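Visitor: Could you take me on a close look at one part of this structure, the aromatic rings and what surrounds them? I am a first-year student, so please go step by step.

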Amino acid sequence: MDGIPTMTPAENGRLSNKIRRLRFEHGEMTQQDLAERVGVTRQTIIALEADRYAPSLPLALRVARTFGVRVEDVFQIKD
Amino acid sequence: MSPNQKAARFTLTIVGATLLLYLIAVPSLAWIFGRSLIEAAAPACGVFGLLGLTALARFYYRPVSGRPAMMDERDKLIEERSRFIGLNVFWVVWVLGSVAAWALLRYAAGRITIPVETLPILALAGWLVFLLAQSIAILAQYGWNSHDDPR
């Protein structure tokens with residue numbers, strides 16, 4: 001066993017994102033629509049929006065590409 | 001609700017029912033066969049065979065209408081972490097249980113070795129603890145009440 005994977009839930013609120021705002025700016029896209037476009041469950045989108053989950057790099061890229069923005073425009077990390 | 005959560009709830013139900021049945025089986029067997037509760041405790045362990053039903057939890061991961069069950073990266077991460085937690089708790093219980101059983105028998109009953117009948121009971125207890133820890137870890141990581149924000 002390799003131990004606990006390196007992906008972790010959002011670390012004590014250090015990671016934040018603008019997914020909810022971007023969804024509304026893109027024709028009030030629903031969580032379900034976004035989930036289907038990026039290939040995850042709606043629960044994962046909910047967890048992302050609530051900063052309870054830090055996505056993998058591929059997922060972060062897919063989310064950014066869906067909104068036509070850069071990853072840094074979607075996800076921010078506090079120093 | 002994800003397949004992980006459904007499987008965890010199913011497992012907890014089976015484990016809970018098994019423990020309840022065990023608590024009922026001990027006095028029942030003691031009463032039926034006219035033995036003490038301590039004497040009835042070992043044969044009552046037969047109800048732990050019901051734990052085999054937990055294998056049916058895999059049913060929740062079956063493909064639905066030709067498509068595999070929806071398990072994204074977060075589901076797989078939670079599944080992996082929960083298995084990790086379950087295995088670690090299992091080993092702690094196994095080692096502590098073995099040492100405690102030896103210590104109890106050594107100092108209370110004056111025995112130097114653990115009777116061989118103790119081993120399957122320890123294994124069952126360890127398996128039970130693994131299932132409990134894994135299922136609770138799954139439910140805790142998803143959040144006890146899954147938010148279903150409609151926005």
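Guide: Let's start at B:Tyr60, in what is a predicted model. B:Tyr60 has a relative accessible area of 28%, so this residue is partly exposed: the value falls between the 20% below which a residue is buried and the 50% above which it is exposed. Its ring has a partner in B:Phe59, and the two form an edge-to-face aromatic pair. Their centres are 6.2 Å apart, with 70 degrees between the planes. That angle is over 60 degrees, which is why the pair counts as edge-to-face. B:Phe10 belongs here too, as B:Phe10, B:Phe59 and B:Tyr60 form one aromatic cluster.

Now look at the charged side chains here. B:Arg62 has its charged end over the ring of B:Phe59, 4.2 Å from the ring centre. So B:Phe59 takes part in the pair with B:Tyr60 and also has a charge sitting over its ring, which fits the rule that the charged atom be within 6 Å of the ring centre. Another example is B:Arg58, whose charged end sits over the ring of B:Tyr61, again with 4.2 Å to the centre.

How many aromatic pairs are there over all chains? A search of the whole structure finds six. One of them joins B:Phe90 and B:Trp94, and this pair is stacked. Here the centres are 6.2 Å apart and the planes 25 degrees apart; an angle under 30 degrees is what makes a pair stacked. Both residues lie in helix 3 of chain B, which covers residues 73-108. They are four residues apart, about one turn of the helix.

Are these two partners buried or exposed? B:Phe90 has 18% relative accessibility, so it counts as buried. B:Trp94, with a relative accessible area of 26%, is partly exposed.

To finish, let's visit a nonpolar area of the surface. Six side chains of chain B form a nonpolar patch there: B:Leu20, B:Leu21, B:Ile24, B:Leu50, B:Leu53 and B:Leu56. Together they have about 510 Å² of accessible area. Pick out B:Ile24, which you will find in helix 1 of chain B, residues 3-33. Its relative accessibility is 45%, so B:Ile24 counts as partly exposed.

Terms used. Residues are numbered from 1 along each chain as its sequence is written. Chains are lettered from A and ligands numbered from 1 in the order in which they are written. This is a predicted model: local features need pLDDT of at least 70, side-chain atom pairs count only at pLDDT 80 or more; totals for chains, interfaces and linings use all residues. Side-chain values use heavy atoms; hydrogens and water are left out. Rings of Phe, Tyr and Trp (its six-membered ring) pair if their centres lie within 6.5 Å; planes under 30 degrees apart count as stacked, over 60 as edge-to-face and the rest as tilted. Buried means under 20% relative accessible area, exposed over 50%, partly exposed in between (1.4 Å probe, protein chains only). Helices (H or I, at least four residues) and strands (E, at least two) are DSSP runs, numbered from the N terminus. A charge sits over a ring if NZ of Lys or CZ of Arg is within 6 Å of the ring centre and within 35 degrees of the ring normal. Patches are made of residues with over 30% relative accessible area and no salt bridge: like charges are joined within 9 Å, nonpolar side chains (Val, Leu, Ile, Met, Phe, Trp, Tyr) within 5 Å. Accessible areas come from the Shrake-Rupley method with a 1.4 Å probe; for residues, only the protein chains shown count as cover. A salt bridge is a side-chain nitrogen of Lys or Arg within 4 Å of a carboxyl oxygen of Asp or Glu.
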